[in-house]
Amino acid sequence: MGSRFPSHQLSNGLYVSGRPEQPKERTPTMTSVAVPYTGGDIKKSGELGKMFDLTTDASKARKSGPLGNPPTRSGSFGGAASHSGPIMPNTAARAIYTTSGSASFKKSNSGPLNKHGEPMKKSSGPQTQSGRQNSGPLAPVLPTTGLITSGPISSGPLNSSGAPRKVSGTLDSTGSIKLQGSAVVHNQAVTVLTQDDEFSFKRNFPKPILWSLILLFVMGFIAGGFILGAVHNPILLIVVVVLFGAVAGLFGWNSWSGRRAIMRFIANHPDAELRNATNGQFIKITGVVTCGNLPLESSFQKVPRCVYTSTSLYEYRGWDSKAANPTHRRFTWGLRALERRAVDFYISDFQSGLRALVKTGCGAKMTSYVDDSVVIDMDPANEKLSPEFIRWLGERNLSSDDRLMRLKEGYIKEGSTVSVMGVVQRNDNVITIVPPPEPITTGCQWAQCIFPASLEGIVLRWEDTSKSDVIPV
């Protein structure tokens with residue numbers, strides 16, 4: 001039966017009007033394999049579950065973070081309120097809302113819960129025991145997962161509770177740390193010098209040569225005395241006595257003027273330029289001092305921002321007075337107390353204008369030749385002691401008996417001009433002056449009849465020019 005309207009038959013046998021549609025090319029679609037629901041079971045979570053050191057069972061509800069006492073679940077889908085974030089321990093079960101047909105949620109919360117099951121308020125400040133979420137350091141409520149995060153939690157040290165620790169102390173105008181009292185003494189960045197670090201001709205002279213001379217003169221005296229008694233010839237004994245007197249006088253001259261000879265050697269040593277100094281070269285530079293991160297303060301006068309301080313107390317021993325130290329002889333000045341310290345500092349070279357770091361702190365070996373700025377002589381029997389001196393003695397538990405006392409104090413403060421001798425070390429653009437590996441010798445000064453002397457470590461020389469005569473121009 002014909003018809004003027006075109007029609008066609010569908011695949012199910014039904015006839016419909018119209019022409020059949022042309023098959024269209026279907027766009028390829030991406031397919032993905034559905035991830036099975038694990039229900040929070042670590043055994044079904046693969047490698048992700050192994051990252052968390054937790055023990056769970058199949059009765060625990062779905063979660064995106066670790067749970068303490070999780071709420072029960074009821075309903076076909078979405079019955080329990082979902083959470084994002086950790087839940088604090090001992091959390092009560094939240095209210096359950098069931099639904100049928102649709103997959104909508106009745107209640108949703110994001111963030112940790114308090115002990116009553118309510119969402120916690122966000123706050124900014126230190127973390128308390130109530131478990132509030134904040135932007136500060138967190139209390140360790142989560143188990144260790146092995147994840148590594150970048151960046152510190154805070155920019156300062158933390159105390160035992162995780163809060164930033166407060167550091168007591170003050171900063172000066174340049175940001176350097178100011179330490180008070182015994183903090184400087186026990187600081188590892190401070191070099192504490194003793195009397196053994198001073199020049200001594202007796203310690204500096206070679207011991208084998210000294211004992212050889214003593215043995216030679218003893219044998220000469222014995223031989224001269226034997227010849228004088230046997231043949232009555234005193235020539236040998238006179239020669240030995242003259243030689244002994246000459247050697248003894250030479251030793252006494254070196255003990256008396258050896259320190260001045262070393263300072264003369266330092267002054268006559270030519271200055272070098274830091275710009276042309278090579279790595280490992282022993283040089284002497286002269287320039288202006290600048291403090292580092294740890295400036296010192298003089299002991300008696302309380303002069304701030306120093307890189308070197310020396311305060312010494314001497315006592316004179318008469319015939320029946322007490323000794324200041326075990327080696328103190330009568331009718332001499334003996335050292336009773338000594339406080340000598342040094343720290344790292346910077347020096348600006350006069351020749352080139354470059355700045356170098358001088359490593360005299362952290363227990364570095366050094367030899368200092370610094371003039372005393374203050375010399376105070378006190379006789380308690382004739383005059384009254386000053387309150388500052390009594391305070392200084394009381395802080396060190398020193399008695400003020402009726403003995404002659406002499407206080408000497410020297411220091412190198414910021415802005416002073418000093419001479420430094422040491423070895424150059426270059427590291428990129430940083431120039432450092434470090435102690436030489438072996439002591440240096442001054443050599444014989446025949447014109448002054450001075451024996452060679454050895455200088456250990458960095459040599460530091462400062463001359464007090466405040467007492468020099470000023471000529472107006």
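## Notebook: rings, pocket and cavities

I began with the aromatic rings, and a search across the whole structure returned 11 aromatic pairs. I note here that I am working from a predicted model, and that everything below is to be read with that in mind.

**Entry 1, the Phe 251 pair.** The pair I looked up before the others joins Phe 251 to Phe 451, and its geometry is edge-to-face, with 6.0 Å centre to centre and 80° between the planes. I then asked which parts of the chain these two rings bring together. Phe 251 belongs to helix α5, while Phe 451 is in the loop between β18 (440-441) and β19 (454-455), so the contact ties together parts that are 200 residues apart in sequence. For Phe 251 I find a relative accessible area of 17%, and I therefore enter this residue as buried, the cut-off being under 20%. Following the ring pairs outward, I find that they link Phe 251 and Phe 451 with Phe 201 and Phe 205 into a cluster.

**Entry 2, a pair within one helix.** I turned next to Phe 389 and Trp 392, whose rings are stacked at 6.5 Å centre to centre, with 15° between the planes. Both residues lie in helix α6 (residues 387-395) and are 3 residues apart, so about one helical turn separates them. I recorded both Phe 389 and Trp 392 as buried.

**Entry 3, charges over rings.** I looked for charged side-chain ends placed over aromatic rings, and noted Arg 330, whose charged end sits over the ring of Trp 319 at 5.1 Å from the ring centre. I also noted Lys 408, whose charged end sits over the ring of Tyr 314, 5.3 Å from the centre of that ring.

**Entry 4, the largest pocket.** I then looked up the largest pocket, for which the computed volume is about 1,800 Å³. It is lined by 34 residues, and those closest to its centre are Gln 195, Glu 198, Phe 199, Ser 255 and Tyr 314. Tyr 314 is also the residue whose ring lies under the charged end of Lys 408. Which elements give two or more residues to this lining? I list two helices, α3 (201-204) and α5 (235-268), together with the strands β9 (306-317), β10 (332-342), β13 (366-370) and β15 (405-413). Sorted by class, the lining of the pocket holds 13 charged, 12 polar and 9 nonpolar residues.

**Entry 5, the enclosed cavities.** Counting cavities of 30 Å³ or more, I arrive at 2. The largest cavity holds about 50 Å³ of space, and among the residues lining it are Phe 199, Phe 201, Asn 254, Gly 258, Ile 450 and Phe 451. Two of these, Phe 201 and Phe 451, are also members of the ring cluster of Entry 1. Helices α3 and α5 are the elements that give two or more residues to this lining, and α5 gives the most, with 3 residues. By class I count 7 nonpolar and 3 polar residues in the lining of the largest cavity, and no charged ones.

The second largest cavity has a volume of about 30 Å³, and its lining consists of Leu 193, Asp 197, Glu 198, Arg 340, Thr 367 and Ser 368. Glu 198 is thus a lining residue here, having already been listed among the residues closest to the centre of the largest pocket. What is the class make-up of the lining of the second largest cavity? I find 3 charged, 2 polar and 1 nonpolar.

**Entry 6, His 328.** I went on to the loop between β9 and β10, where His 328 is placed. With a relative accessible area of 5%, His 328 is buried. I looked up what its side chain reaches, and found the backbone oxygen of Thr 332 at 2.7 Å and the backbone nitrogen of Gly 334 at 3.1 Å.

**Entry 7, positive phi.** Last, I checked the backbone for positive phi in residues other than glycine, and His 232 came up with a value near 60°. His 232 sits in the loop between α4 (207-231) and α5. Is His 232 buried or exposed? I enter His 232 as exposed, given its relative accessible area of 65%. I noted Arg 305 as well, which has a positive phi of about 50° although it is not a glycine, and which is found in the loop between β8 (282-291) and β9.

Definitions and conventions: Residues numbered from 1 in each chain as written. Predicted model: local features only at pLDDT ≥ 70, side-chain atom pairs only at ≥ 80, totals over all residues. Heavy atoms only, no water. 1 Å grid on protein atoms, 1.4 Å probe; cavity = no way out; pocket = protein on both sides within 12 Å on 5 of 7 lines; lining within 4 Å. Points joined across faces, edges and corners; volume = space filled by probe spheres on them. Helix = DSSP H or I, 4+ residues; strand = E, 2+ residues; numbered from the N terminus. Nonpolar A, V, L, I, M, F, W, Y, C, P; charged D, E, K, R; others polar. Phe/Tyr/Trp six-rings, centres within 6.5 Å; stacked < 30°, edge-to-face > 60°. Buried < 20%, exposed > 50% of the residue type's maximum accessible area, 1.4 Å probe, protein only. Lys NZ or Arg CZ within 6 Å of the ring centre and 35° of its normal. Polar contact = N/O pair within 3.5 Å; in protein donor to acceptor, adjacent residues only side chain to side chain.
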